[in-house]
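I opened this notebook to record, step by step, what I looked up in one structure. Each entry keeps to a single topic.

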Amino acid sequence: MGRLLQGVRAGRRAAALALLAAAGAAPAVAQQAAPAPPAQAGAQVLTGARLFQEHCALCHGATGRDASVFPRPIWGPGHDIAKFGTARGLFEYLQMLMPFDNPAKIDDAQKTAVLAYMLVRNGNLAPAAQLPPGGDATPIR
Ligand code: HEC
């Protein structure tokens, strides 16, 4: 990552964190209840569902679609995650940048589980599937 890009990221991070603080640090989570995990979910997807609520719902909403800090859905109608191409591509983004408040908060295995959960919600992966660490070539549509 270039120095300039890092600066841009840092700027955005500061802006998002300021937004969070302004929202009273109790933002999106309370707005909607966490949905039931996908039917027939395997162990990895179940773990991902739990981790998503713990580490991502704060900014992306309990449903991934009802956020205040980042207003675009991160799966389902209106999402823009197809630009990451594959499961591996999206993993690399999560590895670098998410959770936005502290990307080191969860490890790569945990990020892979969240990734699997996201792709199930987006209809790209069967609920019982298990992604290898760091994702694979599963296309994101
Ligand atoms: C503190 C708030 C915050 C948390 C927590 C957070 N995100 Fe984000 N997320 C953001 C912001 C802000 C952006 C936009 C970043 C940018 O444009 O540089 C973003 C962007 C994304 C994107 C890209 C979406 C798109 O359409 O471009 C994905 C995917 C994503 N986040 C997934 C996650 C996942 C998965 C987690 C939990 C592991 C998470 N985020 C936790 C604030 C957050």
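The entries below go from the whole chain to its parts.

**Entry 1. Confidence.** I noted at the outset that this is a predicted model. I looked up the confidence and found a mean pLDDT of 87 for the chain, with 78% of its residues at 70 or more. Over residues 25-29, however, the pLDDT is below 50, although this stretch has 16 contacts in the model beyond near neighbours in sequence. I reminded myself that predicted coordinates should not be read in detail where pLDDT is low.

**Entry 2. The chain as a whole.** I asked how many helices and strands the chain has. It has 5 helices and 0 strands, and the order from the N terminus on is α-α-α-α-α. Of the 141 residues, 31% count as buried. I then looked at contacts with a separation of 6 or more, and 65% of them join residues 24 or more positions apart.

**Entry 3. The nonpolar core.** Which residues touch the most other members of the largest nonpolar core? I found Val114, Leu115, Ala116, Tyr117 and Leu119, in a core of 30 residues. Helix 2 (43-55), helix 3, helix 4 and helix 5 (108-121) each give two or more residues to this core. The largest share, 8 residues, comes from helix 5. I recalled that in soluble globular proteins nonpolar side chains tend to be buried together.

I followed one of these core members, Leu119, further. Setting aside neighbours within four places in sequence, I found Leu119 in contact with Ala87, Asn124, Leu125, Thr138 and Ile140.

**Entry 4. Around the ligand.** I counted the surroundings of the ligand next: 20 residues surround it, and the closest are Cys56, Cys59, Asp80, Met98 and Phe100. By class, this shell has 14 nonpolar, 2 polar and 4 charged residues. Helix 1 (3-22) and helix 3 (57-60) each supply at least two residues of the shell.

**Entry 5. Gln95.** I chose Gln95, which lies in helix 4 (residues 87-97). Why is Gln95 classed as partly exposed? Gln95 has 16 other C-beta atoms within 10 Å, and a residue is buried only from 20 such atoms upward and exposed at 12 or fewer, so Gln95 falls in between. Beyond its neighbours within four places in sequence, Gln95 is in contact with Asp108 and Lys111. I also looked up Thr112, which is 17 residues from Gln95 in sequence and 9.2 Å away in space, C-alpha to C-alpha.

Technical notes:
Residues are numbered from 1 along each chain as its sequence is written. This is a predicted model: local features need pLDDT of at least 70, side-chain atom pairs count only at pLDDT 80 or more; totals for chains, interfaces and linings use all residues. Helices (H or I, at least four residues) and strands (E, at least two) are DSSP runs, numbered from the N terminus. Two residues are in contact if their C-beta atoms, placed from the backbone, lie within 7 Å. pLDDT is the predictor's confidence in each residue, from 0 to 100. A residue is near a molecule or strand if its C-beta atom, placed from the backbone, lies within 6 Å of it. Ala, Val, Leu, Ile, Met, Phe, Trp, Tyr, Cys and Pro count as nonpolar, Asp, Glu, Lys and Arg as charged, and the others, Gly among them, as polar. A nonpolar core is a set of buried Ala, Val, Leu, Ile, Met, Phe, Trp, Tyr and Cys residues joined through C-beta atoms within 7 Å.
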